[in-house]
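Take a slow look at the fold below before reading on. We'll go from the whole chain down to a few odd spots in its backbone.

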Amino acid sequence: MTAASDPRPAAPEAPSSDMPAAHPPAPGRAASLDPESWDEVRALGHRMLDDMIDYVAGIRERPVWQPLPDGLRAELRAHLPDEPVGIEAAYADFRRLVEPYATGNTHPRFLGWVHGGGNPAAMLGEILAAGLNANLGGRDHAPIEVERQVVRWAASALGLPETAGGLILTGSSMANFIGVLCARRRALGADVRRLGLGEARLVAYASEGAHACLPRAMDMAGIGSDALRRVPVTADRRMDLAALGRLIEADLAAGFTPFLIAATAGTVDSGAVDDLAAVAGIAREHGLWFHVDGAFGAFVALSQRLRPLVAGISEADSVAFDFHKWGQVQYDAGCVLVRNQQHLADTFAQNVDYLQHETRGLAGNAPWPCDLGPELSRGFRALKVWMTLKTYGAEGLGRVVEACCDRARELVARVDADPRLELLAPAPLNVVCFRVRDEHDADTLNHDIVVALQESGIAAPSTTRIGGRLAIRAAFVNHRTRPEDVDILVDAVLSLAGALRGATTG
């Protein structure tokens with residue numbers, strides 16, 4: 001790319017000399033971190049908000065991603081400063097060192113990983129939450145009621161009963177872990193919390209396409225990642241239910257204790273959705289905990305048109321999903337829902353003197369979130385979710401899900417119509433795995449295309465392997481993505497394929 005055609009914006013300039021100076025504490029002054037002038041902070045805060053609104057409003061004109069130059073990276077690895085520089089200088093460094101080199105998931109052509117694009121209501125909600133600085137570990141205050149309301153709304157949207165409870169977490173990795181811990185507690189009883197697994201030989205089941213956080217959850221739970229049986233998938237990349245049944249019977253015959261089946265609603269590689277209703281039936285037949293990893297696919301329940309794809313999710317004992325994916329909430333905002341909140345209390349509640357509950361006063365309002373999960377100190381993540389759900393409503397987010405799946409259909413149509421391209425997997429939701437055909441070395445060619453796309457700033461797909469073949473993977477998660485972005489992606493892929501072949505033969 002030539003300098004003349006480089007679409008990347010210039011890095012923000014350093015602050016001018018007429019900016020207000022920093023105000024380090026004077027000798028003998030109390031060590032408060034509040035400013036001498038709140039008016040200066042107010043003015044800078046307004047400027048920051050204006051700058052961030054301009055950043056998001058103009059995101060389409062920016063490169064999707066650009067690499068951080070070595071010199072700037074070195075600055076970000078400098079030692080802890082001893083002396084203050086002031087908030088103005090710190091913000092100037094943010095504009096210069098950080099803002100131009102973010103991941104790019106706010107951009108409509110960020111397609112490589114399942115990252116949501118964020119939304120203005122949640123962005124402003126983050127400011128409100130930071131101002132309150134509430135700790136949602138426990139006690140009787142309104143922010144906890146906000147989180148409880150969000151949990152009830154989510155449970156209702158997925159068809160879970162009124163007994164359901166849950167928490168807002170960092171993401172589905174932690175939510176899946178909590179699901180495994182609840183299933184472990186139900187399988188082995190209360191003593192597992194004190195004594196561990198003992199001689200128990202627990203085993204669980206998930207498809208070959210399940211997310212890597214599930215074996216990690218088994219590892220962290222002390223069960224071991226090898227105890228997660230990976231069930232083969234069918235041609236449409238869904239869990240093979242006949243194979244699942246055979247694995248369960250073989251483990252029972254060998255003296256193992258099956259305790260959990262984890263189905264997936266939207267696999268990360270291709271967007272496949274296991275037959276949730278059928279898996280629920282198998283779990284009930286064998287008395288197993290039925291968990292659903294719905295990191296992004298759970299949001300299909302908000303679309304009347306697509307909802308049948310996740311039929312059976314309402315039968316789950318626990319569900320993990322992320323508001324920061326298809327829910328378009330700013331990072332981080334995951335959620336775990338458990339069919340009966342008592343399972344969370346059984347798994348996590350503690351009785352310690354310094355966390356005693358009362359019927360009145362600030363120590364009221366039990367059970368507290370710390371009784372239902374592993375964290376005592378918890379931020380007010382729920383507010384940005386609450387702001388999003390109130391601002392756009394379930395129907396609005398459902399339309400975003402539908403639009404993303406429509407973009408995937410459009411990409412599939414482009415691939416099917418062009419003999420230079422091939423589709424490598426079915427695309428039931430929003431993830432399309434395709435590649436450029438090449439008779440010599442298709443894997444290398446498509447890998448190089450993806451890297452070149454990312455470095456050009458035009459688009460940012462990723463790669464995966466389908467049946468051992470490297471695929472260009474486009475995941476449509478961003479509410480800003482339009483039909484023309486699909487065309488820009490395909491046209492760039494084909495153009496780069498030609499250029500890379502020419503460079504190789506030349």
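## Helices, strands and the overall shape

Helices and strands here are DSSP runs, at least four residues for a helix and at least two for a strand, and they are numbered from the N terminus. Keep in mind that this is a predicted model. By that count, the protein chain has 14 helices and eleven strands.

How does the radius of gyration fit with a compact globule? For 506 residues, such a globule would come out near 23 Å, and the protein chain has 25 Å, which agrees. Along the principal axes, the C-alpha atoms fill a box of roughly 75 × 70 × 40 Å.

## Inside and outside

Of the 506 residues, 48% are buried. On the outside, the protein chain exposes about 23,700 Å², and carbon and sulfur atoms supply 54% of that area. As for charge, there are 49 positive and 63 negative ones, and their mean positions sit 4 Å apart.

The chain also links up with itself across the sequence. Take the contacts between residues at least 6 apart in sequence: 73% of them join residues at least 24 apart.

## The nonpolar core

In soluble globular proteins, nonpolar side chains tend to be buried together. Here, the largest nonpolar core has 126 residues, and F321, F323 and L411 touch the most other members. Helix 12 (residues 382–417) gives the most to this core, with 13 residues.

Which residues does F323 touch, if you skip its neighbours within four places in sequence? Its contacts include V150, A154, I168, F299, V385 and L389. Also among them are Q328, V329, A333, G334 and C335.

## Odd spots in the backbone

Now for the loops. Between strand 6 (318–322) and strand 7 (334–338) runs a loop that holds D332. A cis peptide bond joins Y331 and D332, with omega at about -10 degrees.

The loop between helix 11 (341–348) and helix 12 is worth a look too. P367 lies there, and a cis peptide bond with omega of about 0 degrees joins A366 and P367. N365 is in the loop between helix 11 and helix 12 as well, and has a positive phi of about 75 degrees although it is not a glycine.

R139 is another non-glycine with a positive phi, this time about 80 degrees. You'll find R139 in the loop between helix 4 (120–132) and helix 5 (142–157). Is R139 buried or exposed? Neither label fits, because its relative accessibility is 25%, so R139 counts as partly exposed; buried would mean under 20% and exposed over 50%.

Methods. Residues numbered from 1 in each chain as written. Heavy atoms only, no water. Rg over C-alpha atoms; globule rule 2.2 N^0.38 Å. Buried < 20%, exposed > 50% of the residue type's maximum accessible area, 1.4 Å probe, protein only. Contact = heavy atoms within 4.5 Å. Areas by Shrake-Rupley, 256 points an atom, 1.4 Å probe, with all protein chains shown as cover. Lys, Arg positive; Asp, Glu negative; His and termini not counted. Charge placed at Lys NZ, Arg CZ, Asp CG, Glu CD. Core = buried A, V, L, I, M, F, W, Y, C linked by side-chain atoms within 4.5 Å.
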